[in-house]
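Biologist: I am new to this structure and would like a close look at a single part, the place where its domains meet. Could you take me through that part slowly, in one connected answer?

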Amino acid sequence: MEGVQKPASYIRPALHDAPNKVDPPTDGALRHKGLDTSKILSMGLNESCFPPSPKVIKAMQDNLSSVNLYPDAQCPHLSDIISERTGIAPDCVVWGNGSEELLKGAIDLSLSPGQGLVLPVPTFWGYKSLVAAFEADVAEVGNLPDGNTDIDGILAAIGNNTRIVFLITPNNPTGRMVDQAGLEKIIAGVPENVLLCIDEAYYDFGLHAGGPNVLDILKTRNGPWFAVFTFSKAYAMAGMRIGYALCSDAQLAQALQKTTCVFNVPILAQFAGEAALKDLEYLDFILTNVAAGRDQLFDGLTELGLDPIPSVTNFVSSPVPMNARDCMTAMLDKGVQINAWADPGYENFIRITVGTTEDNAVCLAALKEVLV
Ligand SMILES: Cc1ncc(COP(=O)(O)O)c(C=O)c1O
């Protein structure tokens, strides 16, 4: 029949059925649509509103002429720094093209078709496409009404065919983090034959806000685990695509490495990453200023009569008295790019990435006009 495309036999059925690759409203994508992005505040993708450290920029500039060379496949210099700071052996550190590559690796390394994983939702939209590309039996566990992760629900969802349990803390898009007691419960409660994968994309923000040190607690677990970190958020390097996983043992690290491409972390990202890790003063500058901006957004949303979810991250989410996608479009018309939650049941939730003091004020003023 004309117009109906027959599924090609050489493509895995799970990929046929998976939703198309998402097309987030990045600066370039908006420009491609004809928008003048110099007039748009980007507060929709949880990027850093601050540039990377001047030392990171210098490290990249100093090494621009090296891009004719392949990068180190296993980032040994970076692993040494991380190992020294965390006490995790260098052969248990795995580098990725952003942390998303390593989250995908978790599924790739452990799931055969039909086997299961447990995923708390709503969470980072990236998981939906990661999971959809595999023939996985996904047990989604809804967050509690206050936005907190349902730890008991996660443990109850583990079945005989479960191979991985994901935990995202602090979580996106709620901005909430799991407390010490919750972490201890899940670390002890996930069976020893199940891989516990903890997404620490917002790790530095959580610690700065007084949260528990996930890594210290994870080290007490008997079963396999890995924790995934990124340079995209607190290090202001989303465009460089670099992240890493700390694994419970070298066998797991080796398996995770096998899921990645050989030269997956660009050479400039490696130089930049090293400079970023060494500039702790700049990290503190970002964390301190993001915390102040987060308070400004939270208070401003509350003054608008909204009920934002308390966040420890570089974004704040809130229900609004209208459809969130309509709100997002109206805000874009006013020159502010925010985001709407993607999960069914949350059609009136918006998410705003923390901006500079001026950006936050402009965003709140625009929202006030949109909500009347
Ligand atoms: C919870 C969470 N995990 C992972 C990622 C992916 O980050 P990366 O840029 O390291 O791939 C994001 C990005 O927003 C996120 O919010």
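**Where the domains meet**

Modeller: The C-alpha centres of domain 1 and domain 2 lie 23 Å apart, and since everything here is read from a predicted model, it should be taken as such. The domain assignment gives domain 1 as residues 13–51 together with 281–371, while domain 2 covers 54–278. Across the boundary, 29 residues of domain 1 are in contact with 28 residues of domain 2. On the side of domain 1 that touches domain 2, the elements that give two or more residues are helix 1 (13–17), helix 13 and strand 9, and helix 13 provides the largest share, 5 residues. By class, that side of domain 1 has 19 nonpolar residues, alongside 6 polar and 4 charged ones.

Two of these elements can be followed further into their surroundings. Helix 13, which spans residues 280–303, lies across strand 9 and strand 12, and the helix runs at about 15° to strand 9. Strand 9 in turn belongs to an open sheet of 3 strands, whose order is 9-12-11 and whose pairing is antiparallel. The edges of this sheet are strand 9 (315–319) and strand 11 (339–340), each of which pairs on one side only. Strand 11 is joined by 2 bridges to strand 12 (residues 349–353), and these two strands run antiparallel; for Asn339, the bridge partner in strand 12 is Arg351.

Conventions
Residues are numbered from 1 along each chain as its sequence is written. This is a predicted model: local features need pLDDT of at least 70, side-chain atom pairs count only at pLDDT 80 or more; totals for chains, interfaces and linings use all residues. Two strands pair if DSSP finds at least two bridges between them. Helices (H or I, at least four residues) and strands (E, at least two) are DSSP runs, numbered from the N terminus. Two residues are in contact if their C-beta atoms, placed from the backbone, lie within 7 Å. Axes are lines fitted to C-alpha atoms, for helices over the stretch in contact, and angles run from 0 to 180 degrees between N-to-C directions. Domain bounds come from an automatic or database domain assignment. Ala, Val, Leu, Ile, Met, Phe, Trp, Tyr, Cys and Pro count as nonpolar, Asp, Glu, Lys and Arg as charged, and the others, Gly among them, as polar.
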